[in-house]
Amino acid sequence: TVDVAVDLPVSNAETQPRPDKPIFLTVKPDLSLALGQDDVPRASLRSLLDGQTGGDRQQRVFVRADGAVPYRELMGVMNLLRQAGYLKIGLVGLEETGQAGGPSPTARP
């Protein structure tokens, strides 16, 4: 998992299996990006992703965004991924458990 603190929205979608080494791209509340644990400038996103994937643009990139991030900004990040050639994108949310206490603290892609 990633330790970059964001307030993820809740999802009730069925959990999908994750790859052994998932690639997480986080959109933080201040709209900055983090690839895994490391902050990344938008201009360097393609080269850093290529470094992590060995240039395999068929790998899925899991996007995490704080609930305060405007939809327009999230779409802008997804467009950056598309322009970089990464078309397999998974959105990460919190798993809804149905308990009165709220969502589970476990992030699910």
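1. Let me start with Leu 31, which is partly exposed, with a relative accessible area of 26%. Please keep in mind throughout that this is a predicted model. Leu 31 has its place in the loop between β2 and β3, and its phi is near 75°, a positive value in a residue other than glycine. Most residues other than glycine have a negative phi. If you are browsing backbone angles, Leu 31 is one to look at with that in mind.

2. The loop between β2 and β3 also holds Lys 28. The side chain of Lys 28 meets that of Asp 39 in a salt bridge, at 2.5 Å from N to O. Because Lys 28 sits in that loop and Asp 39 in strand β4, the pair ties together parts that are eleven residues apart in sequence. Are the two partners buried or exposed? Lys 28 is buried, at a relative accessible area of 15%, whereas Asp 39 is exposed, at 56%.

3. A search of the whole structure turns up two salt bridges. Besides the pair just described, the side chains of Arg 57 and Asp 50 meet in a salt bridge, with 2.8 Å between N and O. Here Arg 57 is partly exposed, its relative accessible area being 31%. As a general reminder, side chains of opposite charge can pair when their charged atoms come close.

4. Now to the nonpolar interior. The largest nonpolar core has 17 residues, and those with the most contacts inside it are Leu 25, Val 27, Leu 33, Leu 45, Leu 49, Val 61 and Leu 81. Two or more residues come to this core from each of β2 (23–27), β3 (33–35), α1 (45–53), β5 (61–65) and α2 (71–83). Apart from it lies another core, of five residues, which include Val 6, Phe 24, Phe 62 and Val 92. In soluble globular proteins, nonpolar side chains tend to be buried together.

5. Leu 25 is a handy residue to click on. Leaving aside residues up to four places away in sequence, the partners that Leu 25 touches include Leu 33, Val 40, Leu 45, Val 61, Val 77 and Leu 81. Arg 64 is also among the residues touched by Leu 25.

6. Arg 64 comes up again with Thr 26: their side chains make a polar contact at 3.0 Å. Thr 26 is found in strand β2 and is buried, with a relative accessible area of 0%.

7. How many aromatic pairs are there? The count comes to one, formed by Phe 24 and Phe 62, and it is tilted, with 5.7 Å centre to centre and 35° between the planes. Phe 24 lies in strand β2 and Phe 62 in strand β5, so the pair ties together parts that are 38 residues apart in sequence. Phe 24 counts as buried at 8% relative accessibility, and Phe 62 counts as buried at 4%. Both rings belong to residues of the five-residue core.

8. One last stop is Ala 43, in the loop between β4 (38–40) and α1. Ala 43 counts as exposed, at 80% relative accessibility. Ala 43 and Leu 80 are 37 residues apart in sequence, and their C-alpha atoms are 9.2 Å apart in space.

How values were computed: Residues numbered from 1 in each chain as written. Predicted model: local features only at pLDDT ≥ 70, side-chain atom pairs only at ≥ 80, totals over all residues. Heavy atoms only, no water. Core = buried A, V, L, I, M, F, W, Y, C linked by side-chain atoms within 4.5 Å. Buried < 20%, exposed > 50% of the residue type's maximum accessible area, 1.4 Å probe, protein only. Helix = DSSP H or I, 4+ residues; strand = E, 2+ residues; numbered from the N terminus. Contact = heavy atoms within 4.5 Å. Polar contact = N/O pair within 3.5 Å; in protein donor to acceptor, adjacent residues only side chain to side chain. Salt bridge = Lys/Arg side-chain N within 4 Å of Asp/Glu carboxyl O. Phe/Tyr/Trp six-rings, centres within 6.5 Å; stacked < 30°, edge-to-face > 60°.
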